[in-house]
Amino acid sequence: MVSNVLTIGGHDIAPGETKKIDLEMPPLYTATNMSIPVYVKRGKRPGPVMFVSAAVHGDELNGIEIVGRLIRSKAIEKLRGTLIAVPMVNVYGVLNQSRYLPDRRDLNRSFPGSKKGSLAGRLANLFFNEVVSKCDVGIDLHTGAIHRSNLPQIRADLDDADVLEMAKAFGVPVLLNAEIREGSLREAASTSGVKILLYEAGQALRYDEFSIRAGVKGIINTMRHLGMLNKSRSKGHSINRFIAQQSGWVRAAESGFVTHLAQLGDHVVKGDKLAAIADPFGNIIGSIISPTEGVVIGKQNIPLTQEGEAIYHIAYFSQPNEVAEHVELYQDNLLPTDEPLVE
C-alpha cells in the first residue's frame, strides 16, 4: 500500500507526484552512460503499488509501446495507489536489437541477481531491488522469440487465488497455468510475495496492433480490478476466460520449406494437418500433424525449418472450439478501427 514517501534510485516520490527517473546502469565500454527509464505516478489516495515492465528481453518491443500508451492514457489520471512503469529493462538489448545482454546472458534467468555478479546479475539486482521489491503486484510484458508469434495470453501461477482473479480481470481469453522458471523475474517476484502476471503476445522486433491493444486494455482492466482505477461504465462484449493446465510444442520431422495451414487462435484436433514441408524443388516431403486437440497459441513465422525444430505451440483446453470462437470475437472487438487504442 502507499506509504508517505517512495524512494527509487535515490529519488523521493510523494503521494500525488509524478516523476521520470533514470536508474543508473553500468556504462558501455565507450564510457557512454546508461540508465533504465522509470515512470512513477502516485495517486493522492492509498492503494496497491504496481509495476509494469517491458523489454526484459531486448528484442521484445510490443511492451515498450504498451507502456507508452498506458502512460498517456486518460484512464490513469485518477489513480489510487502507485504505478511504476518501466518501458525497457534490458536497455542494452534494445540498443542491439537482441534478446540477450552484452555478456550473452538471458536477463530473465538472472533474477534476483547480485551486486557483485555478472552484468546480467547486476542489472537484475538493480531492477529487482529498486522496483519489483517495492510493489504489491506486477505485470511483465513479453512477445514470442525471433521469428515466432504468440497469441495474446496470460501466463501465471493460477493456483494462487489472487493471481487467478488478476489473470481473469486482465481479460484475454487464454490463461496458461505456467510453471515458474528458475531465475525468472516471475520466480523472484513470487518468492518475495509480489503477485505477478506475465503477458505474452506478438513477435520479437515487431509491433502488433492487436497485441498492443490487448495489453493496454488488460493492464487497465487489472488496475480497475485492484481498485487502482474506477470501474468502467461501458459493459462491452462478454469474453470468457479459459484456463489451460498444459501446453506443448509440435516439431518438424523433416528439414525443408514450410507452408503453414494452421494459424494463431485456430482450433485443431488430433490428426489435423498443420503445415506441409517441401524440399528445394517444391516436392512435399512431409507434414506437421497435430498430436492432440487444442488451440494454437504460438507458431513459427519463418518458412524454413530444421528437423526437430518447434513449429506450433498448442494449449490444451476442455472446450477448445469455444476458446477459438472467443479468441476471434476478442480480436474483432479490439480492432474496430485503424486508430491506435489510447484510453
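Helices α4 and α6 of this predicted model have axes that cross at roughly 130°, an angle that lies neither over 145 degrees nor within 65 to 115 degrees, and therefore the two helices count as oblique to each other. Their axes come within 7 Å, and α4 passes α6 in a right-handed crossing. On the α4 side the contact is made by E165, M166, A169 and F170, which meet a set of residues in α6 that includes A214, G215, K217 and G218, together with I219, N221, T222 and H225.

The two helices of this crossing are listed below with their residue ranges.

| Helix | Residues | Among the contacting residues |
|---|---|---|
| α4 | 161-170 | E165, M166, A169, F170 |
| α6 | 209-225 | G215, G218, T222, H225 |

Aromatic side chains provide a second topic, for a search of the whole structure finds four aromatic pairs. In one of these, the rings of F111 and F127 have centres 6.4 Å apart and planes at 65°, which is over 60 degrees, so the pair is edge-to-face. This pair links distant parts of the chain, since F111 belongs to the loop between α2 (91-96) and α3 (119-130), whereas F127, 16 residues away, lies in helix α3 itself. Both F111 and F127 are buried, and together with F51 they form one aromatic cluster.

A ring is also involved in a contact with a charged group: the charged end of R148 sits over the ring of W249, at 4.9 Å from the centre of that ring.

Methods: Residues are numbered from 1 along each chain as its sequence is written. This is a predicted model: local features need pLDDT of at least 70, side-chain atom pairs count only at pLDDT 80 or more; totals for chains, interfaces and linings use all residues. Side-chain values use heavy atoms; hydrogens and water are left out. Rings of Phe, Tyr and Trp (its six-membered ring) pair if their centres lie within 6.5 Å; planes under 30 degrees apart count as stacked, over 60 as edge-to-face and the rest as tilted. Helices (H or I, at least four residues) and strands (E, at least two) are DSSP runs, numbered from the N terminus. Buried means under 20% relative accessible area, exposed over 50%, partly exposed in between (1.4 Å probe, protein chains only). A charge sits over a ring if NZ of Lys or CZ of Arg is within 6 Å of the ring centre and within 35 degrees of the ring normal. Axes are lines fitted to C-alpha atoms, for helices over the stretch in contact, and angles run from 0 to 180 degrees between N-to-C directions. Angles under 35 degrees count as roughly parallel, over 145 as roughly antiparallel, 65 to 115 as roughly perpendicular and the rest as oblique. A crossing is left-handed if the near helix is turned anticlockwise from the far one by less than a right angle, and right-handed if clockwise. Contact means heavy atoms within 4.5 Å.
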